[in-house]
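Hi,

Here's the structure I promised to pass on. Have a look at it first, and then read on for what turned up.

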Protein chains: 2
Amino acid sequence: MNNFEFYSPTDFVFGRDAELRAGDLVKRFGGSRVLLVYGGGHAVRSGLIDRVKQSLTEAGVGLTELSGVMPNPTDEIVYKGIEAGRAQQADLVLAVGGGSTIDAAKAMAAGIPYEGDFWDFYAGKKTIDFALPIGVVLTIPAAGSEGSGNSVVTQVSSRKKVSLRTPYWLRPKFALMNPELTYSLPAYQTAAGATDMLAHIMERYFTNTPHTEVADAVGEGVMRTIIDVTPRVLAAPDDYDARATLMWCGTLAHNGICGTGNEEDWASHGLEHELSAFYNVTHGAGLAVVFPAWLTYMSQHHPAKLHKWAKNVWQADSPAEGIARFKAWLRSIGMPTTLKELGIDNFDLETINNHVHETKGEVFGAYLPLDKERTRAIYQLMQ
Amino acid sequence: MNNFEFYSPTDFVFGRDAELRAGDLVKRFGGSRVLLVYGGGHAVRSGLIDRVKQSLTEAGVGLTELSGVMPNPTDEIVYKGIEAGRAQQADLVLAVGGGSTIDAAKAMAAGIPYEGDFWDFYAGKKTIDFALPIGVVLTIPAAGSEGSGNSVVTQVSSRKKVSLRTPYWLRPKFALMNPELTYSLPAYQTAAGATDMLAHIMERYFTNTPHTEVADAVGEGVMRTIIDVTPRVLAAPDDYDARATLMWCGTLAHNGICGTGNEEDWASHGLEHELSAFYNVTHGAGLAVVFPAWLTYMSQHHPAKLHKWAKNVWQADSPAEGIARFKAWLRSIGMPTTLKELGIDNFDLETINNHVHETKGEVFGAYLPLDKERTRAIYQLMQ
């Protein structure tokens, strides 16, 4: 087991009506003027934004709204939010939405008090040493951003989708998690979210670090739970317990508890971010295509940990059988497993393969470091 | 799944030389004058206290020492610590030791800034609304106090051993966890610690709450890991990875992650606290006697959840077989499973049984509420 730091200070308030505690929690964490960040559409029509605003107002908290955050958020919306937050002298950023909204809100929280260009942090030019506190009302269980110190933003000009990982500043102070808010999530988005959760665990699980028994046991348990519960959620979208189970799995998948002491991989996320950035596909659906290809490549070149994964997660006797069951499960929940099924007909392999190495470096990934030849082979397996 | 709040804000710094970061972490969490609390003996002789003091001094942090905390800490040592902390105007309490030291330090952290008698909190007369920040250098993996908001203190005059649970104030800000510090733990204490960990998970696992799939999966995984790794630790006390695995299991067993959304039980801890308070036995060894008796009673009167436990934790076909394997495992790691083996020859059943209800109330426990008749039957099963 490697040395590690596990720091997940978020106050998770989980259950029915959790969003009504927004005012309380904002005040507990020192907020008085909130920048309220959301996408729009359903959150407004469903009355959720009104309920959150009422809770803030009843607590005597001021607010400015920034709506219009889109999936795969860009630097453009972040700049808008920073401007709005500064104008208001916001002292807390509250995101209402899923990973995209939260990730954009995190970038705003870092950018509002920073004198330079927030992209400095994502470009690796500067390290965040202060950010406004961040709160979350979660509506899409998937990205795990409510419990992580990470934020993914795409720079429009360069098409670079950059994942920033921070130990402290970008971890939300609180997350309000009401499973009922996820009843209306479309099946495709629900399934893509579940796939994203599995991927977050697998990026940690596939490691060469010896003696990761605890993290493995926790990760396997959460993976099996996701695999069991996702079909139940799809069959009955308003099954409270099933929705609750899936929602909490999404947090555990990415707050770090499944990777304590492991050297983590994250190559598959790197490969997928290119698909999202170039073809604007749903991140989780992209992972449904990337991960089986990555696993297939590993089964041929570095199968070590795949045996345990196949046995303990899929009750399979071999990596090949485990991968087959994983793909069958993905299909059963309506996920694509090839680029074509993902809707990418004109896949430009060489451009994407060059670009992924421009973004991630000549070689990336820890389980089996990937150079250009290996990533090309993995992209080919997606076709 | 019930509504829940999961808040585990402790910064866990885990690995070799973790104790050398004491100065850094104290400063990160705003400390400048530390009350350094420890037991004595081995922590001093091994040079650990000197290393911690050097780290504090190098960081420019002032300190006052309070040594002499004993197992099953009493209000007397807490009063001493409060006096020392006030004299020094301490702004952070740093515990070096195991659960007893940490629990005493927590009581001091609440008591130093409080105008009244700190026992008010343990007697349920007052709720803590402020406490000094608490840091930990862990030397005994068992109680999980490094990641919990709990503190157990015994009042000498009444012999009441009271467990205080708080959501916020008593959770340590940081915990420095170096598995090497546990190499010298005697086998008996190591095994008692492992038993305590299992008990912490079982107190949460045995619940009537439906749909606790995630918490069950995590808890079962950590239980199986404890069961596998404890014999390895006993066979090779300086096996770093085995010690590290057991140490981290102790934290996960009690920081709340194994009970998210469950109504928890805690009856067995109530039954055991009487044994510790009256006969001064090691808490974990007491639990090794209490839990099999509690399980045996439940197998006869409310076996529901025991089937899943037997199957998933012990690969057993029935509760009886699961209990038999649990007892065999306890014996294999040198734990007692009867009061006599625990060294209690003159067990005064009626006095203890009356006293447990004075402390815990007429009826206690959630899985199957226990009145005086039921607790008597369970105590009888320990003989």
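Let's start with a group of rings in chain A: Tyr205(A), Phe206(A), Phe291(A), Trp294(A), Trp309(A), Trp314(A), Phe326(A), Trp329(A) and Tyr367(A) are joined into a cluster by ring pairs. Keep in mind that this is a predicted model. Tyr205(A) also has a charge for company: the charged end of Lys305(A) sits over its ring, 4.4 Å from the centre. In chain B, the charged end of Lys305(B) sits over the ring of Tyr205(B), again 4.4 Å from the centre.

Searching the whole structure gives 52 aromatic pairs over all chains. One of them is Phe14(A) with Phe4(B), a stacked pair with 4.7 Å from centre to centre and 10° between the planes. This pair crosses between chains, from strand β1 of chain A to strand β1 of chain B. Phe14(A) is buried, at 3% relative accessible area, and Phe4(B) is buried too, at 10%.

Now for Phe12(B) and Trp248(B): their planes are at 80° and their ring centres 5.4 Å apart, so this pair is edge-to-face. It links distant parts of the chain, since Phe12(B) is in strand β1 and Trp248(B) in helix α9, 236 residues apart. Are these two buried or exposed? Phe12(B) is buried, with a relative accessible area of 0%, and Trp248(B) is buried at 1%.

Last, take a look at helix α8 of chain B. With 23 residues at 1.5 Å each it should span 33 Å, and its end C-alpha atoms are 34 Å apart, which agrees. There is also a kink of about 30° at Val229(B), shortly before Pro231(B).

Cheers

Note on methods:
Residues numbered from 1 in each chain as written. Chains lettered and ligands numbered in written order. Predicted model: local features only at pLDDT ≥ 70, side-chain atom pairs only at ≥ 80, totals over all residues. Heavy atoms only, no water. Helix = DSSP H or I, 4+ residues; strand = E, 2+ residues; numbered from the N terminus. Expected span 1.5 Å × (residues − 1). Bend = angle between axes of the 7 residues up to and from the residue. Phe/Tyr/Trp six-rings, centres within 6.5 Å; stacked < 30°, edge-to-face > 60°. Buried < 20%, exposed > 50% of the residue type's maximum accessible area, 1.4 Å probe, protein only. Lys NZ or Arg CZ within 6 Å of the ring centre and 35° of its normal.
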